[in-house]
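This report covers a protein–DNA model, taking the DNA-facing surface before the chains themselves. Please view the sequence and structure below before reading on.

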Number of protein chains: 2
Amino acid sequence: MNTPRPVPILVQPPIAVPEPCGTCGMRSISVCNAIDDIHLIRLAELANGVDVQAGRVFITEQDKATDFFNITEGTVRLFKLLPDGRRQITGFAGPGHFLGLAVSANYSFSAEAITDVKLCRFSRPRMRQMLHDFPALEETLLEVASNDLVCAQEQMLLLGRKTARERLASFLVARAHDGVPSDMPRTRLHLAMTREDIADYLGLTIETVSRTFSKLKADKLIAIPSPPEIILLNLNALQAVAAAEK
Amino acid sequence: MNTPRPVPILVQPPIAVPEPCGTCGMRSISVCNAIDDIHLIRLAELANGVDVQAGRVFITEQDKATDFFNITEGTVRLFKLLPDGRRQITGFAGPGHFLGLAVSANYSFSAEAITDVKLCRFSRPRMRQMLHDFPALEETLLEVASNDLVCAQEQMLLLGRKTARERLASFLVARAHDGVPSDMPRTRLHLAMTREDIADYLGLTIETVSRTFSKLKADKLIAIPSPPEIILLNLNALQAVAAAEK
DNA sequence: TTGTGGCATTGAGCCATGTCAAGTTTGAGT
DNA sequence: ACTCAAACTTGACATGGCTCAATGCCACAA
């Protein structure tokens with residue numbers, strides 16, 4: 001099932017910050033950054049490193065919400081299903097993303113690894129205690145939740161009111177800015193997700209996604225050397241389309 | 001880094017809880033409930049009762065986010081606009097709703113009173129201080145944000161994947177459960193919002209909303225004595241349609 | 001080299017929803 | 001009671017995106 005990382009040692013406390021949190025390269029961009037070095041050992045006790053194979057569902061909607069997750073490597077799709085199989089992807093999550101906020105006792109969405117994924121798992125009850133003891137952590141989580149909420153509202157605008165072309169442009173622009181400084185957007189994308197994922201994220205069908213990519217290509221806004229590679233030839237124009245300007 | 005818990009007061013606590021928060025009928029269902037009676041005076045100092053006329057926009061997207069709001073009376077629409085006027089309503093907010101969570105320094109949505117509205121306004125910087133001093137308040141806010149997030153994800157599923165009929169059914173079922181104990185859903189609705197609001201909330205046009213209402217009426221799932229009055233004749237069937245069962 | 005299976009692309013036709021255009025109902029004001 | 005404007009409903013038609021189906025493009029295994 002899961003593969004625990006090295007567990008805190010039994011003898012002398014380590015000189016530096018304890019494993020695994022102390023050396024976690026993702027700490028600087030994750031919620032864990034809210035915790036001081038001196039208290040990091042408490043976090044490390046809670047943290048449970050897990051590897052998830054590509055294609056594995058590790059959060060299932062309606063299941064008891066037992067854990068929080070923090071992604072350290074790979075990409076994940078978050079989604080909801082209708083009984084007949086229609087799927088809405090509510091977001092993609094990469095390194096640094098925090099998952100598992102839920103009001104009720106059960107998860108309200110599913111999560112599936114797109115690539116092989118490494119993540120940190122925290123038991124919810126123990127995490128709650130941490131939140132209680134470290135208001136700064138709670139504050140960070142509130143920021144994360146607020147941020148997710150803003151993204152969700154933006155996505156509602158996209159799903160409710162934008163055309164297929166505008167949706168694709170919005171998607172590409174968002175990917176260009178994802179995880180890089182905002183003044184240095186990417187111009188070459190390696191999409192981890194398939195056309196079907198994109199379709200289910202944008203409320204379209206595979207065919208419409210494919211056709212719309214072809215149109216953007218014909219309009220010289222993008223180039224597709226070979227999927228999943230996409231080059232943004234004119235980011236400004238794409239941004240204009242995404243924002244529905246003109 | 002981390003914050004001491006609430007500081008004891010300097011003088012004798014007042015006999016009763018101070019105005020206006022002490023007598024606020026909405027306190028029991030709002031975030032303010034996270035604050036003890038004895039500290040409520042600090043909240044009252046921050047709170048600023050405001051009346052907003054129907055039709056008034058009191059939060060404008062992109063404006064500097066100076067305040068938080070807590071609605072005590074009336075109904076509000078929250079929305080985002082595209083440059084050409086296309087509108088997506090991201091939610092309706094009634095008594096007890098908390099508004100203004102934002103990541104950036106600016107609001108990411110607009111808010112407009114549908115009916116005459118009474119609300120409590122809190123300055124953001126001073127509210128931040130309160131959050132710092134009262135972790136319980138921060139916790140409550142995190143719950144609010146998580147809850148909003150769950151709703152937003154549900155709405156993405158609706159906007160991305162549901163048919164017009166399923167959207168309307170979902171909307172009606174949600175209104176039936178809004179603000180009442182979950183085992184006692186309403187069966188008679190007084191909708192505060194117009195067909196246009198409903199359309200902009202569900203990602204449809206007025207005409208489709210109207211036609212779909214008519215079909216639901218023909219199918220004996222609802223009755224419309226006269227808008228904005230709607231009677232839910234068969235809530236179970238509506239729920240089945242909303243969930244896309246069968 | 002030749003399958004084989006998973007994606008992705010493209011075409012043809014259709015349909016749910018949008019658009020445009022009348023009408024109808026409602027309610028507030030006089 | 002009448003008027004007017006705003007909200008709602010309904011019909012006829014248009015269309016963007018969906019469905020169904022064929023084809024193309026790899027990577028990989030035998």
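A residue is called near a molecule or strand if one of its heavy atoms lies within 4 Å of it. The model is predicted: local features need pLDDT of at least 70 and side-chain atom pairs count only at pLDDT 80 or more, while totals for chains, interfaces and linings use all residues. Residues are numbered from 1 along each chain as its sequence is written, chains are lettered from A and ligands numbered from 1 in the order in which they are written, and side-chain values use heavy atoms, with hydrogens and water left out.

**DNA strand D**

Around DNA strand D there are 15 residues, of which T208(A), R211(A), R195(B), S210(B) and S214(B) come nearest. Of the atoms of DNA strand D that come within 4 Å of the protein, 63% belong to sugar and phosphate. The residues of this surface near DNA strand D comprise 3 nonpolar, 7 polar and 5 charged. In this division Ala, Val, Leu, Ile, Met, Phe, Trp, Tyr, Cys and Pro count as nonpolar, Asp, Glu, Lys and Arg as charged, and the others, Gly among them, as polar.

Polar contacts to both DNA strands are tabulated next; a polar contact is a pair of N or O atoms within 3.5 Å, and within protein one must be able to donate a hydrogen and the other to accept it, with residues adjacent in sequence counted only if both atoms are side-chain atoms.

| Protein atom | DNA atom | Distance |
|---|---|---|
| S210(B), side-chain N or O | strand D, phosphate oxygen | 2.7 Å |
| S214(B), side-chain N or O | strand D, phosphate oxygen | 2.4 Å |
| R211(B), polar side-chain atom | strand D, base nitrogen | 2.9 Å |
| S210(A), polar side-chain atom | strand C, phosphate oxygen | 2.8 Å |
| T205(B), side-chain N or O | strand C, phosphate oxygen | 3.1 Å |
| A164(B), polar backbone atom | strand C, phosphate oxygen | 3.0 Å |

For R211(B), the partner is thus a base nitrogen of DNA strand D. Two or more residues of the surface near DNA strand D come from each of α6 of chain A and α6 of chain B. The largest contribution is that of α6(B), with 4 residues. Helices (H or I, at least four residues) and strands (E, at least two) are DSSP runs, numbered from the N terminus.

**DNA strand C**

DNA strand C has 16 residues around it, and R195(A), R211(A), S214(A), T208(B) and R211(B) come nearest. Sugar and phosphate make up 61% of the atoms of DNA strand C that come within 4 Å of the protein. Here the surface residues divide into 3 nonpolar, 8 polar and 5 charged. Again α6 (206–218) of chain A and α6 of chain B each supply at least two residues, and α6(A) gives the most, with 4 residues.

R211(B) lies in helix α6 (residues 206–218) of chain B. Is R211(B) buried or exposed? R211(B) is exposed, with a relative accessible area of 52%; buried means under 20% relative accessible area, exposed over 50%, and partly exposed in between (1.4 Å probe, protein chains only). The C-alpha atoms of R211(B) and R165(B) are 9.7 Å apart, with these positions 46 residues apart in sequence numbering.

**The two copies**

A turn of 180 degrees with a shift of 0.0 Å along the axis lays chain A on chain B with an RMSD of 0.0 Å. The two copies are therefore related as by a two-fold rotation axis. Superposition is by least squares on the C-alpha atoms of residues with pLDDT of at least 70 in both. Of the interface residues of chain A, 90% are also interface residues in chain B, so the copies meet through the same surface.

The average pLDDT of chain A is 89, and 92% of the residues score at least 70; pLDDT is the predictor's confidence in each residue, from 0 to 100. Over residues 1–17 of chain A pLDDT stays under 50, and the model has 16 contacts (heavy atoms within 4.5 Å) for them beyond four places in sequence.

**Helix α2 and backbone geometry**

In helix α2 (residues 124–133) of chain B, the buried residues are R124(B), M127(B), M130(B), L131(B) and D133(B). These pack against α1 (40–46), β3 (67–73), β6 (98–99), β8 (117–123) and α3 (135–161) of chain B. At the start of α2(B), a side-chain oxygen of S123(B) comes within 3.3 Å of the backbone nitrogen of R126(B).

Most residues other than glycine have a negative phi, and most peptide bonds are trans. The bond from P227(A) to P228(A) is cis, with omega near 10 degrees, and P228(A) sits in the loop between β10 (222–223) and β11 (229–232) of chain A. Q62(A), not a glycine, has a positive phi of about 85 degrees. Q62(A) belongs to the loop between β2 (57–59) and β3 (67–73) of chain A and is exposed at 57% relative accessibility.
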